[in-house]
Amino acid sequence: MRDRSGSDDLPRSFQTSPPTAAGWETGPAMDDARPCPVPPAPQPGEPLEGAALLRSVAPGHDAVLDAALAELETSGRATDPLAAGAALRAAGIAPERAAAALSQAELRERARIKLGDRVDAMLLTRAGVEQATRWQVAALHAAVLRAAGVEQVTDVGCGLGADTHALAAAGLNVTGIEADEQTAAAAAHNLAGLGRVVHDEADATLARPEGVDPARWGLWFDPARRTGVADATGRARRVSSPQDLRPSLDLVTTLAQRAALTGCKVGPGWRHADIPPGAHAQWVSHAGDLVEAVLWMGPALRPQDDPAPVSPTVPRAGTRSATRLGTDGSVLAHADSSQLPAEGHRVLGSQDEPGTFLVEPDPALSQAGLLGVALGPGDAELGPGVGWGTSDSPAGSAWTRTHRIVELLAPRPKAIRQWARRTEVGDLVVRKHGSTVDPATVRKGVRTTGTRRAILLLTRVGDRQLALEIAPPILSA
Ligand SMILES: C[S@@+](CC[C@H](N)C(=O)[O-])C[C@H]1O[C@@H](n2cnc3c(N)ncnc32)[C@H](O)[C@@H]1O
């Protein structure tokens, strides 16, 4: 095992908290008696590879490379890979380093929206960028652990360190553990001056840092969720099943018994039946995108009937919640299942007709099964488990937007073709929620030769498959 404590050579803007001084209890996972194999250092003239190659192209590592990359930017040649590679080699950069540096530049642009401008100082890997948490969402995770009184957090499977960075920025002492060597090297660079990174495969022997009170220790997990099974587009399929998490949910729940609060990020499609007993599950949307669910566990959870108002940073044992974050990460709305009306809400059956308006909730609310929190007295859910509602009132809320229902149609190609011709549709948008009908089938043969734009929603009322023509939203909260 190597301890890659960070150096202090990053720009000051990146150094949001002092270096940590974490000492670890010895135990097999943390014990030098079972070290990870250290690859031999390359001989002079030998090509660099793996983590050594990655470290050699870190911003600030080599002034010649940094200057050559800056020159490419200002001359506009950075966008032409062939010209950029030739220019770096002409500046004396070895081909493998030139390729690695250009790959970093490309990854930085891909990661900028997710990770912010700090990408300019970071080392990245392709898989790490795909799996990293958006920085505005990572800040919420950190706020929850901090609000529970946690002071020291172990981020198990820290990846490139997006969550770890947010934890450190919230003033917590952090240690990231990462099993993949290149990713650990990148994380060590990214967290330099902020926390410790350990390259190791964490297991059930993971011990609490020495001298840390269990009531002040938190665990964060963001398990890898790729199965490695490629879908039709060649990308690994996203899953949200407990068996496919790495580290496993078993390891998460075992270790969670030792800390005050443990958070484990899972896919937003996580089934309610798979929430561990007594845990809290929090669904989060950011800028309108449903991004994750987090399972919170441990003695620091508040009781379900806590008299304090519900809060996005204070999870309750045995409840579900939804948190809607704005683009800048501010909390726009939060709801908890303890707020659901005791008598439940009305759900339409197959013989019922929807009201005048469609109620479209934020996806976090719908996925958390909390539509009932946002429905008014006369409103109803469209069908069992649909998660969208209907109302005779146009009023939206911080959770919902309403659309006038223009027409109800059978979701059959012939009916849709006739409707498109009769109402002079020129541009057709087909949306789908809670329906088993394939949008491609419905669109088949529809001629859009008219002048108006129409939105068709494939959904169901009770168990009846329907297509609703809906107007654009009346109120966007
Ligand atoms: C989804 S990524 C973490 C992303 C990170 N939260 C971020 O925002 O950058 C999960 C990481 O866990 C690592 N991992 C999986 N099992 C592990 C284990 N048992 N011990 C340490 N790391 C592990 C993987 O190599 C991967 O980099």
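**Notebook: cores of a predicted model**

I started with contacts (heavy atoms within 4.5 Å). Among those between residues at least 6 apart in sequence, 67% join residues at least 24 apart.

The model is predicted, so I noted the limits: local features need pLDDT of at least 70, side-chain atom pairs count only at pLDDT 80 or more, and totals for chains, interfaces and linings use all residues. Residues are numbered from 1 along each chain as its sequence is written, and side-chain values use heavy atoms, with hydrogens and water left out.

Next I looked up the overall make-up. I found 13 helices and 20 strands (DSSP runs, H or I of at least four residues and E of at least two, numbered from the N terminus). Of the 477 residues, 48% count as buried (under 20% relative accessible area, 1.4 Å probe, protein chains only).

Then I turned to the largest nonpolar core (buried Ala, Val, Leu, Ile, Met, Phe, Trp, Tyr and Cys joined through side-chain atoms within 4.5 Å). It has 34 residues, and L219 and L295 touch the most other members. The elements giving two or more residues are β5 (217-221), α9 (249-256), β8 (261-266), β9 (280-286), β10 (289-297), β12 (331-336) and α10 (363-367). I saw that α9 gives the most, with five residues. The core draws at least three residues from each of domain 1 (130-339) and domain 2 (352-470); these bounds come from an automatic or database domain assignment.

What does L219 touch? I listed its contacts, leaving out residues up to four places away in sequence; among them are L145, V153, L206, L255 and L261.

Last, I checked for a second, separate core. It has 26 residues, including A68, A87, L124 and A186.

Conventions:
Buried < 20%, exposed > 50% of the residue type's maximum accessible area, 1.4 Å probe, protein only.
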